[in-house]
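I opened my notebook to follow a few helices and side chains through one protein model. Here is what I looked up, entry by entry.

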Amino acid sequence: MKLHANVFGEGQPFVILHGFLGMGDNWKTLGKKIAEQGFQVHLLDQRNHGRSPHSDQFDYDIMAQDLEVYCQESDLKNICLLGHSMGGKTAMLFAVKHPGLIENLIIADIGPKYYPLHHQDILDGLNALDFDTIKSRGDADTELSNYVLDAGVRMFLLKNLYWKEKGVLGLRMHLDALIKNASEIGVELPESFNYKGSVLFLKGEKSNYILENDKLRIKRQFPKVLIKEISSAGHWLHADNPTDFLAKVLEFVKK
């Protein structure tokens, strides 16, 4: 499967993997700032997200395989790989399977542990959008607000809206496959898997995705790890505090 990517800049490859229900475009502002520091940034859409192909197959093994194919076809070596949330799980597994391709690994607000399913309200809300009657972003937001109270989360989700044709809106994701395979999002990276390269884990100060007692497991599976906190940030730490996030990423990759 050939993943869709937005590529810009010149220099060492810097691949960014978005989270569940997101897309590479969510990272465009930050990606351009990284590119200004001498990197060739690749904003990927993972399968069933954004403009990448749709498939009924959806799990971390196959998403890591998609990334391997992308790196081979784009002749990428010595990459910096940054993954957020679901993208972080893909990045962890890819790093374990293909350590020779990676120079720097950055994992944003996710651990290797199992996470219980917690996106059901969001998936129900997206599934309830009836594009026979919804004719504007405002209409979609009103319907989605019955399921998702947080306006910031709704704004993030509605970035998936696009005009399929004149007067007809749709979502840039394979929603049926994501609903069917939603339990795959929380699966753990097996405890026997470990990565010997240098890795930076970034956690949001206000996020509960990486707890204090998760750090021991992270250090066991990633012995050369730095764990740093992004202040005043929740799970979308790169959006909540982009200045601090960018500074910590660049400090790590340029060390």
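**Entry 1: two helices at an angle**

I started with α1 and α10, which are oblique to each other. I noted first that the model is a predicted one. The axes of α1 (residues 28-35) and α10 (residues 242-253) cross at roughly 40 degrees and come within 11 Å. I wanted the rule behind the word "oblique": angles under 35 degrees count as roughly parallel and 65 to 115 as roughly perpendicular, so roughly 40 degrees makes this pair oblique. I also looked up the handedness, and the crossing of α1 and α10 is right-handed.

Which residues make the contact? On the α1 side I found L30, K33 and I34, and on the α10 side P242, F245 and L246. Sorted by class, the contact of α1 with α10 has five nonpolar residues, one charged and no polar.

**Entry 2: a histidine beside that pair**

Next I looked up H238, which is found in helix α9 (residues 237-240). Is H238 buried or exposed? Its relative accessibility is 9%, and buried means under 20%, so H238 counts as buried. Leaving out residues up to four places away in sequence, H238 touches W27, L30, H84 and F245. I recognised two of these names from Entry 1: L30 of α1 and F245 of α10 are also in the helix contact.

**Entry 3: the nonpolar cores**

I then turned to the nonpolar cores. How many residues are in the largest one? It has 57, and L21, L81, L105, L126, L157, F201 and F222 touch the most other members. I picked L157 to follow up: leaving out residues up to four places away in sequence, L157 touches L21, I122, L126, L144 and V148. A second, separate core has 25 residues, including V41, L202, F245 and L246. So I met F245 and L246 again, since both are on the α10 side of the contact with α1.

**Entry 4: a second helix pair**

My next pair was α2 and α3 (residues 86-97), whose axes come within 9 Å and cross at roughly 70 degrees. That angle makes α2 roughly perpendicular to α3. The crossing of α2 with α3 is right-handed. From α2, the contact uses Y60, D61, M63, A64, L67, E68 and C71. From α3, the partners are M86, K89, T90, L93, F94 and K97. By class I wrote down eight nonpolar, one polar and four charged residues for the contact of α2 with α3.

**Entry 5: two buried loop residues**

Where is F58? I found F58 in the loop between β3 (39-44) and α2 (60-73). With a relative accessible area of 3%, F58 is buried. Beyond its neighbours within four places in sequence, F58 is in contact with R47, N48, H49, M63, M86, L178, N181, E184 and I185. Of these, M63 and M86 also belong to the contact of α2 with α3.

My last residue was G186, in the loop between α7 (175-180) and β8 (199-204). G186 is buried too, with a relative accessible area of 7%. How many residues along the chain lie between the positions of G186 and Y115, and what is their C-alpha separation? They are 71 residues apart along the chain, and their C-alpha atoms are separated by 4.3 Å. Not counting residues up to four places away in sequence, G186 touches K89, K113, Y114 and Y115.

Notes
Residues are numbered from 1 along each chain as its sequence is written. This is a predicted model: local features need pLDDT of at least 70, side-chain atom pairs count only at pLDDT 80 or more; totals for chains, interfaces and linings use all residues. Side-chain values use heavy atoms; hydrogens and water are left out. Axes are lines fitted to C-alpha atoms, for helices over the stretch in contact, and angles run from 0 to 180 degrees between N-to-C directions. Helices (H or I, at least four residues) and strands (E, at least two) are DSSP runs, numbered from the N terminus. Angles under 35 degrees count as roughly parallel, over 145 as roughly antiparallel, 65 to 115 as roughly perpendicular and the rest as oblique. A crossing is left-handed if the near helix is turned anticlockwise from the far one by less than a right angle, and right-handed if clockwise. Contact means heavy atoms within 4.5 Å. Ala, Val, Leu, Ile, Met, Phe, Trp, Tyr, Cys and Pro count as nonpolar, Asp, Glu, Lys and Arg as charged, and the others, Gly among them, as polar. A nonpolar core is a set of buried Ala, Val, Leu, Ile, Met, Phe, Trp, Tyr and Cys residues joined through side-chain atoms within 4.5 Å. Buried means under 20% relative accessible area, exposed over 50%, partly exposed in between (1.4 Å probe, protein chains only).
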